[in-house]
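Here's a quick rundown to read alongside the coordinates. Have the viewer open and follow along topic by topic.

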Amino acid sequence: MTEVATDILRVRNLRKSYQSGDTRLEVLRGVDFDLAAGEFVSVVGQSGSGKSTLLHLMGLLDAADSGEVVLAGTRIAGLPASRRDRLRNTCVGMVFQSYHLLPELDALENVMAPLMVRHGIFEWLSVRSAVRARACELLDRFGLGGRLHHRPRQLSGGEMQRVAIARALVTQPQVLLADEPTGNLDEATGAGILDTLCELNRADGLSIVLVTHDAAVARRADRIVRLAAGRVDETCPAAERKAG
Amino acid sequence: MYKLLLCWRYLRTRWIALASIISVTLGVATMIVVNSVMAGFSHEMQTRIHGILSDLVFESHSLSGFQDPQWHMDEIRRAAGGDIVGMTPTVAVPAMLNFQVRGQWVTRQIMFIGIDEATHAQVSDFGRYLQHPGNRTQLSFDLREGGYDTVDSQSETTTPTRPALEGAGWQHRRMRVERERVWREKLEADRRASEAALPVAAGGSAGPARSIDQQVDAVLAATTGDEPPVASPAADAAAATRADPFRQARPEEGTRMDPAKEQFTGIVPGIGLASFRDSSGIDRFLVLPGDDVKVTFPTAGTPPKAVSDSFTIVDYYESKMSEYDSNFVFVPLATLQRMRGMIDPQTGLASVNSIQIKLRDGADLDVVRDKLRKVFPADLYAVATWRDKQGPLLAAVDMEMSVLNILLFLIIAVAGFGILAIFFMIVVEKTRDIGILKSLGAGASGIAGIFLGYGLFLGLVGAGAGLALGLAIAWNINSIRVGVEWLTGQRVFDPSIYYFHRIPSIVDPFTVAWIIVGAVGIAVASSVLPALRAAGLHPVEALRHD
């Protein structure tokens, strides 16, 4: 019972290889992948199976050798750099294993950062209060209302990851790409983060791609895609429904 | 927006980068101080040059000069029109100054300049540089009773650096004459005593007795008397008359003049000719106003003959340009014309060899000079502005300033390389943050903008601090000098070397602006390469960077 909806993300025959010294390392050897609007998909696989690379390609952080990625109806191959930057800023929210917050900025500023990037200085002055309100609201929702002006190093791992999620959501993206978001967290905190993601998916209809190597984490998603040796492993059950 | 915010945050958190701009600060401060002091010196020098030279100098090539200065002045006025404010004729000849110090004759090579007391003040600041307050208001070639300044009237110090001038003038002259009279009497008494004591052995075969005067001179020359002996005026006058048949009769001629009541023609020598400054800043004088000297100069005839005459120093002249102060001796124009035979016995017209011209404020010197050059043939007359006259000196100072500026800018350029190195370090350190920003959608230009902006901020901070430091030093350089002298016990600015008592300093806003712009420009330029490197980082690799 695949939900038929407009695909937010469509990946076709995607290939990517890296040159390392004399050898050419093929990471993705023709990956096909679709993400429907409002879907929560886990991508699992062993280390080196190409999960992160796939995520980076979908998040426009890297360019594929061949194949195509269509993000929100836009084919991204061959787009000029400025359009790619714009698309990345507006359509995609990313969450990383090691949080990737800017250490010079406090929690609130980190959350507002994507919109600071989007707006020029004069535009920013006019949207500043709206953005600030939205960022505060998001942080509040994640239980960080009292830690707006703490620097990342003053926050715990779970708090940092929730700030990172708030940052990813402040732009109201069409898809959230999460790369091992629980990887650096203890089990309880990681579970909290996963609850947050599930809640966002269920309540806000946010499309999420979650990359993980942890089967337990992966099972929280609507569907699991297994990557092996640079391809989608078709031998595993196409979809595993999450328990609850 | 994020660029500004991050620049600001980096500025506040990266102290190492602030360290890199200390060299910018020091470079800017040094440049401001050096330029201000150089400009101060240059300004002082130009003021002094201009104080002595009038705006335009109209000269004949010949030492004999040209006749009828009045006609020439009328022609000049006609040619230059309304730009001329004043004119005065002068005669300048190379000459030799002789005076006696403790029995020894001292000779100086001089430029003997005849000036018109009445009109000379119209064209130059000559009067300002004299040592007697009365002469500063109206120059007189008559010796003053006393009252010469013991404090340098042109400096701001109030310590008397010229104690010797206190007794100068008629009082000094009378004292000297009196001392010589006592000497003479003592010698006469000695001579009588020794004659009486001599046995008759010498008998009538004694050689011709030397006159008292000769003996006095001989003794004075051999002993260490305090003051030089009086010149023998009658003999001088006679000699001068012989050498110069056109000389007019002088009242004292033929009679023996009384040096305690009369003087020779007054002259005003440059202060450097007869004084020196010791290391404590006190000026010591070899001869004082009231003393007599001899000057030997060429007549206007063909071929010129050397004539000599006695003169009385009536004042000293100090422009603080050593070239002038140790070269120029001023004398009344009419006297010099008469002594050199520059007055035509038939027509009574006098000759001069230059006319000093003063232009109205704001007149273009070069334009007026060119107008005059058109009217007066260049093979007979030379017309030059005061700048032309000191062209090589002024050009040398300008060149010195340019070279210094280039060298000092190199210091800031070196600082630029420091910024470059530290920025590369910061880019490496911030690689992950750059990756994060790229993952949030920041473009290459935005990332480059952060580092360029950071370079600009650092440049502004460095140059701003340098500006404050430089201005503080330039404005207080003399207090700082005093402080350093007090701390080290060493003289930093030795007044016996420089004629100034304080270090001159002029801050030119335009120069300062250029220095700031240059320093900030160098800071931005040296952040270009690191900025490009940051912009070119691959986002995925940057994110993986530890």
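In this predicted model, the largest nonpolar core has 123 residues, and the members that touch the most others are A:Val111, A:Ala166, A:Val209, B:Val28 and B:Ala519. Its top contributor is helix α16 of chain B, residues 444-475, which puts in eleven residues.

**More on the cores**
- Pick A:Ala166 and look past its neighbours within four places in sequence: you'll find it in contact with A:Val111, A:Ala135, A:Leu138, A:Leu139 and A:Phe142.
- One of those partners, A:Val111, is also on the list of core residues touching the most other members.
- There's a second core too, separate from that one, with 65 residues, including B:Val93, B:Tyr129, B:Met321 and B:Tyr324.

**Where the chains meet**
- Chain A brings 23 residues to the contact and chain B brings 21.
- On the chain A side, α2 (81-91), α3 (107-118) and α4 (121-141) each chip in at least two residues.
- The largest share of that side is six residues, and it comes from α2(A).
- Sorted by class, the chain A side that touches chain B has eleven nonpolar residues, plus six polar and six charged ones.

**Chain B overall**
- Chain B runs to 546 residues, and 38% of them are buried.
- Its secondary structure adds up to 20 helices and 13 strands.
- Take the chain B contacts with a separation of 6 or more: 80% of them link residues 24 or more positions apart.

Methods:
Residues numbered from 1 in each chain as written. Chains lettered and ligands numbered in written order. Predicted model: local features only at pLDDT ≥ 70, side-chain atom pairs only at ≥ 80, totals over all residues. Helix = DSSP H or I, 4+ residues; strand = E, 2+ residues; numbered from the N terminus. Buried ≥ 20, exposed ≤ 12 C-beta atoms within 10 Å, placed from the backbone. Contact = placed C-beta atoms within 7 Å. Nonpolar A, V, L, I, M, F, W, Y, C, P; charged D, E, K, R; others polar. Core = buried A, V, L, I, M, F, W, Y, C linked by C-beta atoms within 7 Å.
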